[in-house]
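Here is a set of short exercises to work through with the model open beside you. Try each task on your own before you read the solution.

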Amino acid sequence: MSAKRFLSGDEAFAEGVRLARPQVVSAYPITPQTVVVERLSEMVEAGDLAAEYVHVESEHSALSCAIGASATGARTFTATSSQGLLYMAECLTYASGGRFPIVMMNANRSTALPWNIYGDQRDSLALLDHGWIQVYAENNQEALDLALMAYAVAEDERVQTPVMVNLDGFALTHTYETVEVPSPEQADAFLPPYQTKNRFDFEHPTNIGFSAGPEYNRYFKYQEHQDLLNAPAVIEEVEQRFAQVFGRRYPGLVEAVQCEDADYVLVTLGSAAGLVRTVVESLRAQGLRVGLLRVRYLRPLPTVALAAALGNAKAVAVLEKDVSFGAEGTVFTNVNSALQQAGVRVPTYDFIGGLGGDDIMPVQVEAIFRTLVRSVSEGAEVPRVSFLGIDDTPGDAASAASPKDLVSDACRDVKEAN
């Protein structure tokens, strides 16, 4: 039987990893991920997890160790954050190109400089093109469940691709919630032991980690791309099976909240979705037809699901904890690409917030929605890209010399109304 426990996001994820029974855990601590590998070390020491626990000297070594272990046919796990993930970047493509279904938890954290240990999503979003499936948890229960589902997806022979499960640093990793922890019997019924032909075998030798010149390289990259495109169907199957075993249902690549009749939709990912839900409910009660589209998987890109959820909106905003400097937010780029591919013509606007762990406040989310309303009803101009706390905060020192824009006015209107 499952049991309810009061756990942080880090602890919940560690429980999910324990239930997945990895055979090798390669660990290098980095804030705010450290608690995950600490708890796993305690589980191994206590005999609750039968695994080789390897405390390596760096994040680069952590993923290198996981790759080597996976190449022997072992189920493997590692975790990292921020600069540690960037230090792993060289190894990420070895893992994905080698088709090693490693599961890695990343505690989303700002990247230097300036040095900052708090949470935004610039670390993982900077590495979208490295061939890993990327999924973002909204809360601690989803974090635990994703630890199990990630292995089921990664190890499916139609996918055979590593998975990065992202938890917002501190907002999830160090925040406690009541979590349903499955029993080992339930977990074993859902996730069978890992078996693969993609491993060292002295009886049947195979070539792993080889070179491929121009005449062959494209075929490997094409297959890697195609198998990521296979992932959505596998994710759907895995979530259906998960619901049958555990009774909890997940919505697939995206979660659409009151988008069916929404005129104005806000797209976001991670823990910010919980805040947006609350604002959507409040504005719906006031008669505004608004909705939330939570992106769960950003790779593979849910092109069809994004277009279907946003196609009837009058205006769309993206709220993200990331910026691709000199361009726009990375999530914004991907959302626009999906809409363009589907032939959907809807005005889109990017709102960048939460950088370096900065608070995103309900008043700001409400202002975003009211800005969309005024852009349509009044034809007012809205900047394509706005920074929360700079472009939209009345009296903010950094914005004192900036031209007043529509978002600033909307924030003021909402604050006065409250």
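**Exercise 1. Two proline surprises**

Task: Find the loop that holds Pro32, then describe the peptide bond that joins this residue to Thr31.

Solution. Start with the place: Pro32 sits in the loop between β2 (24-27) and α2 (34-46). You are looking at a predicted model, and in it the bond between Thr31 and Pro32 is cis, with omega about 0°. Now move along the chain to Pro300, in the loop between β12 and α11 (303-310). Arg299 and Pro300 are joined by a cis peptide bond too, again with omega about 0°.

While you are checking backbone angles, have a look at Ser82, which belongs to helix α4 (residues 82-87). Its phi is near 50°, a positive value in a residue other than glycine.

**Exercise 2. The whole chain**

Task: Count the helices and strands of the protein chain, and decide how its radius of gyration fits the value for a compact globule.

Solution. Begin with the count: there are 14 helices and 15 strands. Next, take the dimensions along the principal axes, where the C-alpha atoms fill a box of roughly 75 × 55 × 45 Å. Last, make the comparison: a compact globule of 418 residues would have a radius of gyration near 22 Å, and the protein chain has 22 Å, so the two agree.

**Exercise 3. The seven-stranded sheet**

Task: Work out the strand order of the open sheet with seven strands, and name its edge strands.

Solution. Step one is the order, which reads β3-β2-β4-β5-β7-β6-β12, with mixed pairing. Step two is the edges: β3 (52-55) and β12 (297-299) each pair on one side only. Step three is the turn between neighbours, which is 20° on average when direction is ignored.

Now zoom in on one pair. Strand β6 (residues 133-136) runs parallel to strand β7 (residues 163-168), and four bridges join them. Follow Val135 across and you reach its bridge partner in β7, Val165. Helix α1 (residues 9-20) packs on this sheet, touching β4 (76-80), β5 (103-108) and β7, and its direction makes about 155° with that of β7.

**Exercise 4. The six-stranded sheet**

Task: Do the same for the open sheet of six strands, and say which helix lies across β9, β10, β11 and β13.

Solution. The order here is β9-β11-β10-β13-β14-β15, and the pairing is mixed. At the edges stand β9 (254-257) and β15 (385-387); each has a single partner strand, so one side of each has no neighbour in the sheet. From one strand to the next, the twist averages 20°.

For a parallel pair, look at strand β10 (residues 264-268) and strand β13 (residues 315-320), joined by four bridges. Tyr264 has Ala315 as its bridge partner in β13. The helix you were asked for is α10, which runs at about 165° to β11 (290-295).

**Exercise 5. Three helix pairs**

Task: Classify three packed helix pairs: α3 with α5, α10 with α13, and α11 with α12.

Solution. Two packed helices are described by the angle between their axes and the distance between the axes.

1. Helix α3 (residues 59-71) and helix α5 (residues 89-97) pack at about 15°, with axes 9 Å apart. An angle under 35 degrees counts as roughly parallel, so that is the label for α3 and α5. The crossing is left-handed. On the α3 side are His60, Leu63, Ser64 and Ile67, which meet Glu90, Cys91, Leu92, Tyr94 and Ala95 of α5. By class, this contact has six nonpolar, two polar and one charged residue.

2. Helix α10 (residues 272-285) and helix α13 (residues 362-377) pack at about 55°, with axes 10 Å apart. That makes α10 oblique to α13. Here the crossing is right-handed. Among the residues that meet are Val276 and Leu283 in α10, and Val365 and Phe369 in α13. The contact counts eight nonpolar, no polar and two charged residues.

3. The axes of α11 and helix α12 (residues 330-342) come within 8 Å and cross at roughly 80°. Angles of 65 to 115 degrees count as roughly perpendicular, and α11 and α12 are therefore roughly perpendicular to each other. Thr303, Leu306, Ala307 and Leu310 of α11 make the contact with Val335, Ala338, Leu339, Gln341 and Ala342 of α12. These residues divide into seven nonpolar, two polar and no charged.

Key
Residues are numbered from 1 along each chain as its sequence is written. This is a predicted model: local features need pLDDT of at least 70, side-chain atom pairs count only at pLDDT 80 or more; totals for chains, interfaces and linings use all residues. Side-chain values use heavy atoms; hydrogens and water are left out. Axes are lines fitted to C-alpha atoms, for helices over the stretch in contact, and angles run from 0 to 180 degrees between N-to-C directions. Angles under 35 degrees count as roughly parallel, over 145 as roughly antiparallel, 65 to 115 as roughly perpendicular and the rest as oblique. A crossing is left-handed if the near helix is turned anticlockwise from the far one by less than a right angle, and right-handed if clockwise. Contact means heavy atoms within 4.5 Å. Ala, Val, Leu, Ile, Met, Phe, Trp, Tyr, Cys and Pro count as nonpolar, Asp, Glu, Lys and Arg as charged, and the others, Gly among them, as polar. Two strands pair if DSSP finds at least two bridges between them. The radius of gyration is taken over C-alpha atoms; the globule rule is 2.2 Å times the number of residues to the power 0.38.
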